[in-house]
Amino acid sequence: MERIRILIAGAGGRDFHNFNTVFRDNEIYEVVAFTATQIPDIQDRTYPPQLAGRLYPEGIAIHDESQLERLIAELHVDQVIFSYSDVSHDYVMSLGNRVIAAGADFRVLSARATMLRSQKPMITVCAVRTGCGKSQTTRRIIELLLEAGKRVVAIRHPMPYGDLARQRVQRFAKMADFDEHQCTIEEREEYEPHIQRGNVVYAGVDYGAILAQAEAEADVIVWDGGNNDLPFYVPDLEIVVADPHRVGHELHYTPGTANLIRADVVIINKVDTANRADVEQLRKNIAAVNPTAKVIEAASPLSVVSQGGEQRAVELIQGKRVLVVEDGPTLTHGEMGFGVGVVAARKFGAAQLVDPRPYAVGRVAETFEKYTRIKDLLPAVGYGDEQVADLQRTINETPCDVVLIGTPIDLRRLVRIDKPTVRVTYELQVQGKPDLGDLLREYKLI
């Protein structure tokens, strides 16, 4: 029988997992190409033969998604498998219509088809959009499990932007591991807060191999999801975080809506900075698609720190011209209009949020050209050395009194800043009952 010719449309993460779980060593299919989007400079690579399996001794080429129609025609593609996340339903079917018009079928794989089952209890934490507060939720759950005497390992959603064969299985337990694995700013933002707390984090490309290693050192595993993707593992407890600052997104983004429908528990985060009417509307939207989910409210209280302590940090902000540097993915494909840095600037009386766009250079300037709604703040893009260098130059050339760092990591360890700096930190704080400890006890996880 002639094999079905497959093209996997991805963004350097879910696409590889879909291949590994559904198509690798499957003689019904022939995967003729991947395409890549969302993340810069991840095309023009090869999914290596060490990962691709016996059917692909030369590996599989990765192309830019802009070449989709040409690839469908030249490679005689039968089916395109949509394999990335944090995009609107309109976006998905716009891409689908391009595929259909070009003569191929358009498919989206289910959670059941791609989830692996663990031998250890599995808690999954996902979100309806990037930037909801999923990572701080994960950290709080791990803290509770550790307090109960459990050995815990976190497995993070993939961000393999470098040498894929070397990144097959990555284990992070100390700060030096970031340099060994040549991590981008985005990767450091996700892993470093765990490592600072003494947690172990796995990530990489082959999530079957990753799971096997994690199971060897854990009593409980926590899936730290990313980019509002579905979990890669079958959950014993499925937690999904929602954002009242983007009410309605939970019903209109893929696969965030699927996460919401599947959830055992939905955490409405950021209630301390949201309008109550938005929180209540979000509750109604949750009930409309998942009436049996437990709904918990949580705050993300912030604090500011500088070399002179919190009081000095407040003095540096109050009445000053402030350049706010925020988490990159939350602002770009997460479509958030602001982050914790802007909240802190307003709370502590900044006189002005400085617009960095006139001073942006290189790859940072390209980011502003692509995401035109971003203004009066700077996304911390840093997928490679060139972007990091451009980020540093943009920060230092922007005229301001102080740089307010709202990224999950201390950006000053990677970027030399020649101005006074203040860093914003925040953690999850559940409001009322049941709290996360109650849920872990109910599900017999502690």
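**Exercise 1.** Which residue in β12 does T124 stand opposite?

*Solution.* Keep in mind that we're working with a predicted model. Start with the strands: β8 covers residues 122-127 and β12 covers residues 220-224. These two run parallel and are joined by four bridges. Now look across from T124, and you'll find W223 in β12.

**Exercise 2.** Work out the strand order of the open sheet, then explain why one side of β10 and of β23 is left without a neighbour in the sheet.

*Solution.* Walk across the nine strands and you get β10-β11-β9-β12-β8-β13-β15-β16-β23, with mixed pairing. β10 (169-172) and β23 (429-431) stand at the edges. Each has a single partner strand, so one side of each has no neighbour in the sheet. As for the twist, neighbouring strands are turned by 25° against each other on average, direction ignored.

**Exercise 3.** Find which strands helices α8 and α9 touch as they pack on the sheet.

*Solution.* Take α8 (residues 185-196) to begin with: its contacts are with β9, β10, β11 and β12. Its direction makes about 160° with that of β11. Then comes α9 (residues 207-215), which touches β8, β9, β10, β11 and β12. For α9, the angle with β11 is about 165°.

**Exercise 4.** Place I123 in the largest nonpolar core and list some of its contacts.

*Solution.* That core has 87 residues, and I123 is among those with the most contacts inside it, along with F19, F23, Y47, I141, I155 and Y233. Skip the neighbours within four places in sequence, and I123's contacts include I141, L145, V222, W223 and L440. Apart from this core lies another, of 42 residues, including F348 and F368.

Note on methods:
Residues are numbered from 1 along each chain as its sequence is written. This is a predicted model: local features need pLDDT of at least 70, side-chain atom pairs count only at pLDDT 80 or more; totals for chains, interfaces and linings use all residues. Side-chain values use heavy atoms; hydrogens and water are left out. Two strands pair if DSSP finds at least two bridges between them. Axes are lines fitted to C-alpha atoms, for helices over the stretch in contact, and angles run from 0 to 180 degrees between N-to-C directions. Contact means heavy atoms within 4.5 Å. A nonpolar core is a set of buried Ala, Val, Leu, Ile, Met, Phe, Trp, Tyr and Cys residues joined through side-chain atoms within 4.5 Å. Buried means under 20% relative accessible area, exposed over 50%, partly exposed in between (1.4 Å probe, protein chains only).
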